[in-house]
Amino acid sequence: MRLPVHSSLLALALTASAVAMPGAASATDIQMWVRASGATAAQFMIDLWNASHDDKVVATVIPDNQMVTKLATGSQAGDVPDMVSFDLIYMPDFMKAGFLKDITDEMKKDPNYAGVAQAYKDIATYDGKIYGAGFTPDVSVLLWNKDLFKAAGLDPDKAPATLQEIHEDAKKITALGNDTYGYYFSGSCPGCNIFVTSPMMVAAGSKLLPTKAGDDALTGDGVKDVLTEMKAMWDEKLIPDSAQADTGANFFATFETGKIGIQGTGGFAISALKHDKPDMNFGIGFIPGTKAGEASAFVGGDVIAIPAASKHADLALQFIHWELTDEAQLEGLAKNSIIPSRPALADNKYFKDEPRVVTTAQALGKGFTPYALHFNDMVNSDSSPWIQMLQTAIFDGDVDGAIKTAQDAMKAIAAQ
Amino acid sequence: MNLGRRNLLGLAYMAPALLFVAVFVLYPFGQLIYTSFTDASLLGGGKWVGAANYVRIFTGDPQFWKALWFTLKYTVIITPVLMGLGYALALLTAQNDRVLQFARGVIFMPVVIGLGTSSLLWFWLFDQQVGLFDKALVDLHIANSMIVWFTNADWALWAVIISVTWKVVGFGMILFVAAIQSISREVVEASQIDGAGYWQRVSMIYAPLTLRTVLLVTLISAIGSMLAFEQLYIMTGGGPRGLTFTSVYWIYQSAFIKFQLGYGSALAIVLTAIITIAAAIQIFLTSRSAPQ
């Protein structure tokens, strides 16, 4: 094909002008790694950004259990994305390793950052420097089946206010028979239990993980009180046998059968149940402690950070500033029934018709995120002292021995 | 062509293969050995610590030896199961009529499924609430109620063995079928003329003439079992109480979950040495016992 002379000249002139003006705006792809379980929420935000910005965010979804390895090896090889959204619990390890960019000055100047949930600010700070911000939050809450509560003669609109109340309610629900059980938890899933069981201990006054070498682990009576109560529920067969072997595969699916009265879960349960089981009546409340008025939550979800070797750190920073704005928090998260990382925005037009989401958002303000190096070793690994303690105490019955062994093991890990 | 030139030419022909082995086997293995003498973390760093990792393996890591013991138990149980069942299926389907060819195809089909996929499939089949396998056992009155397989280490081991047997038994069967079919017709017919019954033919003709294949499949199966990981990772998560960790699973835990890359490398070297010694013994016995 031959181009007319004037077309060729025009093309040449345009090319020359593009070369001559290096500062001219040209769209850039901002590469982002997102862990799989936060991908849906992240995509809402990315779509919203892409709709109004020339520089597009391109997400690559990484399986949850590969994110740490991939980011660690990528960081050491210098092959990293421009920004990354990952499980907040790994922030301390990555900050200490020097894998992330220090964004202290930029965040301190951002008025929206001041309103981010404290748990996110704490977990993304190391040695007084800020390395990330909350991105797609999730928080643990108590879930109960209102139909089973009604059938058992309980008040379906009242959440159990203490662990002892959970125990009493569970007895009545299990008494309904027909393979119905009062309570459920995934007994072989360390991550599930730090999410839903540890808040009971924290609400009851315990401190769980050592932050630095020399710190004690699992302090306070809350740990023993919770384990003793859960052991009693197990012994009384208020929890199905299969809970002992559940590595997390049935963390939520068992409740969806409609035969579980109460369990801890995440805020995601609201949209999941509305979608999967539209006819199920369920309630959402705070995870209680051992005394009335005590409540806590594990603040989970993903943080967003910029790898130290990011090629477009300035654009990534723009995205982080943007995701903290009212527009992004409300139109990207709240509109899709996801709680904002700024608790003050919990009272918004999208949550008006769904008070259960408001409860979840309020739980964010009551919640905590354990700040610990070696979190995997202490908690998340299949052989961690945390899961060994739960199993030995609840299923084998040795509460005191289990706590002592776990305390020693966690202290030894923290000393590494 | 003098000897030196011939050697050079031979070396040139071998060069691509040698280069491949050097880059993709020897270099990484050397790197692994080096890392095993450091305190390298997955998060970076790594100082030379001498033999400290190896000392820790032999004096301060009982879980590794528990895992190795469990791996040996798994290997010792599953290898004869795979051999025996695979050989029996091969005897049943070795003839080349259409029905038996179809049967071979059906039995072989799970081999082409990924081990992770099949493990996940069986994890759900064994589920106490929705598992079809459990339901079948109850309906057939083999079990009184739905079994919770993964709360007991022995039950969990058998659950994994059942799933892996389903997945890989077809592989051994196909190799055994090939070995049986390669036996000369004359030999089989001569034994029949001499009045040998079916079981006599199996024990005196088929078994000795397929011994090399049996030993090869045993070696492959035993090494595969010693390296077991995915099936346990997916089905048991190492539980209950860490009783179903295999050696490789423990190496994975150490290197990638606990971030102890140096220590994980040392564990890998020890496991490699154990498997190499076991395989060498097996190959030595094979060369002595197999017909020439």
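**Group meeting: a predicted two-chain model**

Let me start with one residue. Ala133(A) touches Met107(A), Tyr113(A), Val116(A), Tyr120(A), Ala124(A), Val303(A), Ile304(A), Ile320(A) and Leu324(A), leaving aside residues up to four places away in sequence. Please keep in mind that this is a predicted model.

Why begin there? Ala133(A) and Val303(A) are the residues with the most contacts inside the largest nonpolar core, which has 193 residues. The element that gives the most to this core is in chain B: helix α7, residues 153-181, with 14 residues.

Next, the confidence in chain A. Its mean pLDDT is 90, and 94% of its residues reach 70 or more. The start of the chain is another matter: over residues 1-24 of chain A the pLDDT is below 50, and beyond near neighbours in sequence this stretch has two contacts in the model. I will say nothing further about that stretch.

Now the domains of chain A. The assignment splits the chain into domain 1, which is 29-138 + 299-366, and domain 2, which is 140-298 + 372-414. Taken over C-alpha atoms, the centres of domain 1 and domain 2 of chain A are separated by 27 Å. Where they meet, 16 residues of domain 1 of chain A are in contact with 17 residues of domain 2 of chain A. On the domain 1 side, the elements giving two or more residues are α4 (91-97), β12 and α16 (355-366) of chain A. Which of them gives the most? That is α16(A), with six residues. By class, this side of domain 1 of chain A divides into seven nonpolar, four polar and five charged residues.

Let me turn to two strands of chain A, beginning with β3, residues 83-87. Is β3(A) largely enclosed or largely open? Four of its five residues are buried, so β3(A) is largely enclosed by the rest of the structure. It has a parallel partner in strand β1 of chain A, residues 29-35, to which it is joined by three bridges. One place to look is Val34(A), whose bridge partner in β3(A) is Ser85(A). There is also an antiparallel pairing, with four bridges joining β3(A) to strand β12 of chain A, residues 299-305. Here Val84(A) stands opposite Ala305(A) in β12(A). You have met β12(A) already, among the elements on the domain 1 side of the contact with domain 2 of chain A.

The second strand is β8 of chain A, residues 260-266. How many of its seven residues are buried? Seven of the seven are, and the strand is mostly covered. Strand β6 of chain A, residues 132-145, pairs with β8(A) in the antiparallel sense over five bridges, and Ser140(A) stands opposite Gly266(A). Strand β7 of chain A, residues 181-184, runs parallel to β8(A) and is joined to it by three bridges. In that pairing, Tyr184(A) stands opposite Gln263(A).

For contrast, take a residue in a loop. Gly248(A) sits between α11 (222-235) and α12 (253-256) of chain A. Why does Gly248(A) count as partly exposed? Because it has 15 C-beta neighbours inside 10 Å, and a residue needs 20 or more to be buried and 12 or fewer to be exposed. Leaving out residues up to four places away in sequence, Gly248(A) touches Ser186(A), Cys189(A), Gly191(A) and Cys192(A). As for Asn193(A), 55 residues separate it from Gly248(A) in sequence, and the two are 9.4 Å apart in space, C-alpha to C-alpha.

That leaves chain B. Its secondary structure comes to 13 helices and zero strands. Along the principal axes, its C-alpha atoms fill a box of roughly 75 × 70 × 30 Å. Of its 292 residues, 36% count as buried. Among contacts in chain B between residues at least 6 apart in sequence, 69% join residues at least 24 apart. The domain assignment gives domain 1 (1-26) and domain 2 (37-289) of chain B, and their C-alpha centres lie 36 Å apart.

Last, the contact between the chains. There, 22 residues of chain B are in contact with 21 residues of chain A. On the chain B side, helix α12 of chain B, residues 247-257, supplies the largest share, three residues. That side has 10 nonpolar, 10 polar and two charged residues.

Methods: Residues numbered from 1 in each chain as written. Chains lettered and ligands numbered in written order. Predicted model: local features only at pLDDT ≥ 70, side-chain atom pairs only at ≥ 80, totals over all residues. Core = buried A, V, L, I, M, F, W, Y, C linked by C-beta atoms within 7 Å. Contact = placed C-beta atoms within 7 Å. Domains from an automatic or database assignment. Nonpolar A, V, L, I, M, F, W, Y, C, P; charged D, E, K, R; others polar. pLDDT = per-residue confidence, 0-100. Pairing = 2+ DSSP bridges.
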